[in-house]
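Work through the exercises below with the sequence and the coordinates open. Each task is followed by a solution in steps.

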Amino acid sequence: MCGIVGFIGRHDAAPILLDGLSKLEYRGYDSAGIAVRDKNGDVEIVKAKGRLLNLFEKTDSGKALHGTIGIGHTRWATHGEPSETNAHPHISGSDVSDATVVGVHNGIIENYGEMKDKLLRKGYKFYSETDTEVMVKLVDYYYKKYNCPPGEAIAKAMVRVRGSYALVLMFKDYPDEIWAARKDSPMIIGICDGETYVASDVPAILKYTKNVYYIGNMEIARLKEGSAEFFNIDSEPITKELFEITWDAEAAEKGGYEHFMMKEIHEQPRAVLDTLNSMIKGEGNECKIDFECIGISDEEIKAISQIYIAACGSAWHVGMATQYVIEDLAKIPVRVELASEFRYRSPILDKNGLVIVISQSGETADSLAALREAKEKGVKTLAVVNVVGSSIAREADYVIYTLSGPEIAVATTKAYSTQLVAMYLLAIKFGSVRGHIDKETYSYYISELYTLPDKIKKIFETKDKLQWFAAKFVNVHDVFFIGRNIDYAVSLEGSLKMKEISYVHSEAYAAGELKHGTISMIEDGTLVISVLTQPQLYEKTMSNMVECKARGAYLAAVTTYGHYNIEEVANFVTYIPNVDAHFMGSLSVVPLQLLGYYLSLNRGLDVDKPRNLAKSVTVE
Ligand code: F6R
């Protein structure tokens, strides 16, 4: 949540900051601001409410500000409404001329009220409602009180605040330095050709450099032109390794598509294939799922008594869908939990259990907290993560990386699809190691998985039909998604896609639950979208559809080619190819993603940046 970019080098900072922020707009987009300074002069700050475009206009695309050092921020409001006053950067003084410290911040300072009172007593004045202004002023307070170097003042503030933060600061007295610090909020530092970048996410700097340092929790960094030094909370220097990012700069561009979401939907065949190839080694019948790089041994897999999956939003839906697959193939009981609930219910975990945390960003605050809860209880953790070097990836005992590349649209599509695939591979691997899958079935599953990319492409051929359907229902108010088993889990995802980008109220129900209350909502014309891909449940869900129709519902269905008798009941059907039933979710979700997309488009909404949302939820 919120995006940070900082730059120190030989070029003018403002255009680089704005460019970086434009790549992070998915992290927050209710206001933005930049602060730029030259090595001698005062800092110049420009802020604008609303989309980043306003800041581009106000600064003539950055050309109006001169200086080779700067910091920028795009905001997703937590404390205080979206406004210019609340937009970052914030300053320690009353105006830029007496500002010793200028800063931007992501995250939440939980005890900011207490800190603010303390600073008010010391004579500080506050102009915004933000916790960030408190943090900047707290650093300023220690900086002046102890007359210490910036790093020590930051450390003193860090030990007094609670919460999560990525903090980037400039000090008036240190004209050629930027300081950064973090706790539980992502931040990377990039170096290239004598210039240095800091950002809350990789896409912001991918165009300039692929060489990055990951700044750890409770660590502080001093950035100079072309270099970065790191310190722990006791101000002792720490050595860090430079990592190379494998993502392409083009991956963070729209590449000819109108929206990132549509581009990312179309990247799914490639992303699924890459994720399969990263773990499946060998050819034909000799293919093997290789977990060597994950580090979990066969003995450890055999000893697992129970799996707990903790995740949020769509990643939780992946857990919901793949619990059936794991239980069926690996015969291990699975419990799926919302990470935000898991962390606060003091879960009773079996010592021989395995907690799986699924997360695209690897930074979701609740998922990270669930992982820590599990570790604290002495239970092994495995993360399924898309972002290399993210907090969840670093803290988990084992990591499976999904290879979807950077996902920019707020509504997840390709990350969801690669998470499904990673979990299928885990289920097959665990099932075979535990002796529940013979060699022939193992090869069959792998060959079925390899058919997914082409089958997803085939679904793209039905786009026009789905666009037509979305146009027909452009003014719909309430939608019900129903399905059973994996189809229910996919319904949850279809419903979320519709809600988050089209703002249409929808609910996903296990089809068998309808009669326990929900069916009273069905009236003439209510749209009910059914997912029917599980052969053993096809007729059961059909019966539920018929019950809805009898109460006036308009029935739409997603089912596999061949099930043409559905047309006797449904008003609209979209067909998808067949694959082994365990993996059907990878196909049935695609028309639902497209439906959400077209509905949002037809309603004239901002598909990639839906209101109130941000991509990476790094606060609770
Ligand atoms: C929905 C969506 C969110 C995320 C959720 C978890 O389209 O993207 O529901 O799935 O916020 O995010 P990660 O996977 O980054 O932990």
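A residue counts as buried when its relative accessible area is under 20%, as exposed when that area is over 50%, and as partly exposed in between. The model used here is a predicted one.

**Exercise 1. Classify Arg27 by its relative accessible area and place it in the chain.**

Step 1. Arg27 has a relative accessible area of 1%. The cut-off for buried is under 20%, so Arg27 is buried.

Step 2. Arg27 belongs to the loop between α1 (13-23) and β2 (31-37).

Step 3. Cys2 is 25 residues away from Arg27 in sequence, while their C-alpha atoms are 4.9 Å apart in space.

**Exercise 2. Determine how many disulfides the structure holds, then examine Cys148 and Cys312.**

Step 1. In general, a disulfide is a covalent bond between the sulfur atoms of two cysteines. A search of the whole structure gives 0 disulfides.

Step 2. Cys312 is in no disulfide, and the nearest cysteine sulfur, that of Cys2, is 18 Å away. The search requires two sulfur atoms within 2.5 Å.

Step 3. The relative accessibility of Cys312 is 23%, so this residue counts as partly exposed. Cys148, at a relative accessible area of 7%, is buried.

Step 4. Cys312 also appears among the contacts of Ser367, which touches Ala311, Cys312, Ala339, Val357 and Ile392 when residues up to four places away in sequence are not counted. Ser367 is part of helix α11 (residues 365-376) and is buried, at 1% relative accessibility.

**Exercise 3. Give the strand order of the open sheet that contains β21, and describe the surroundings of Thr381.**

Step 1. The order is β19-β18-β20-β21-β22, with 5 strands and parallel pairing.

Step 2. β19 (334-338) and β22 (398-401) are the edge strands, each paired on one side only. On average, neighbouring strands of this sheet are turned by 20° against each other, direction ignored.

Step 3. β21 and β22 pair in the parallel sense over 4 bridges. Ala383 has Val399 in β22 as its bridge partner.

Step 4. Thr381 lies in strand β21 (residues 380-385). Its relative accessibility is 0%, so Thr381 counts as buried.

Step 5. With neighbours within four places in sequence left aside, the contacts of Thr381 include Leu354, Val355, Leu371 and Ala374. Tyr398 is another residue in contact with Thr381.

**Exercise 4. Give the strand order of the open sheet that contains β25, and identify helices that lie on these strands.**

Step 1. This sheet has 5 strands in the order β24-β23-β25-β26-β27, and the pairing is parallel.

Step 2. Its edge strands are β24 (505-510) and β27 (572-576), which pair on one side only. Neighbouring strands are turned by 15° against each other on average, direction ignored.

Step 3. Strands β23 (residues 478-483) and β25 (residues 527-532) pair in the parallel sense over 4 bridges. Ile482 has Ser530 in β25 as its bridge partner.

Step 4. Helix α16 (residues 463-472) lies across β25, β26 (554-560) and β27, and runs at about 150° to β27. Helix α17 (residues 486-502) packs on the sheet and touches β23, β24 and β25, with its direction at about 175° to that of β24.

Step 5. One aromatic cluster is formed by Trp468, Phe469, Phe473, Tyr554 and Phe572.

**Exercise 5. Count the aromatic pairs and classify the one formed by Tyr197 and Tyr208.**

Step 1. The structure holds 19 aromatic pairs.

Step 2. The rings of Tyr197 and Tyr208 are 5.1 Å apart, centre to centre, with 15° between the planes. Planes under 30 degrees apart count as stacked, so this pair is stacked.

Step 3. The partners are 11 residues apart and link distant parts of the chain: Tyr197 is in strand β10 (residues 195-199), and Tyr208 is in the loop between β10 and β11 (211-214). Tyr197 is buried, with a relative accessible area of 3%.

**Exercise 6. Which rings have Lys137 and Lys156 over them, and what does helix α5 pack against?**

Step 1. Lys137 lies over the face of Phe126, 5.0 Å from the ring centre. The charged end of Lys156 sits over the ring of Tyr146, at 4.7 Å from its centre.

Step 2. Buried residues of α5 (residues 150-160) include Pro150, Gly151, Ala153 and Ile154. The buried residues of α5 pack against α4 (131-145), β7 (163-171), β8 (178-183) and β12 (219-224).

Terms used:
Residues are numbered from 1 along each chain as its sequence is written. This is a predicted model: local features need pLDDT of at least 70, side-chain atom pairs count only at pLDDT 80 or more; totals for chains, interfaces and linings use all residues. Side-chain values use heavy atoms; hydrogens and water are left out. Rings of Phe, Tyr and Trp (its six-membered ring) pair if their centres lie within 6.5 Å; planes under 30 degrees apart count as stacked, over 60 as edge-to-face and the rest as tilted. Helices (H or I, at least four residues) and strands (E, at least two) are DSSP runs, numbered from the N terminus. Buried means under 20% relative accessible area, exposed over 50%, partly exposed in between (1.4 Å probe, protein chains only). A charge sits over a ring if NZ of Lys or CZ of Arg is within 6 Å of the ring centre and within 35 degrees of the ring normal. Two strands pair if DSSP finds at least two bridges between them. Axes are lines fitted to C-alpha atoms, for helices over the stretch in contact, and angles run from 0 to 180 degrees between N-to-C directions. Contact means heavy atoms within 4.5 Å.
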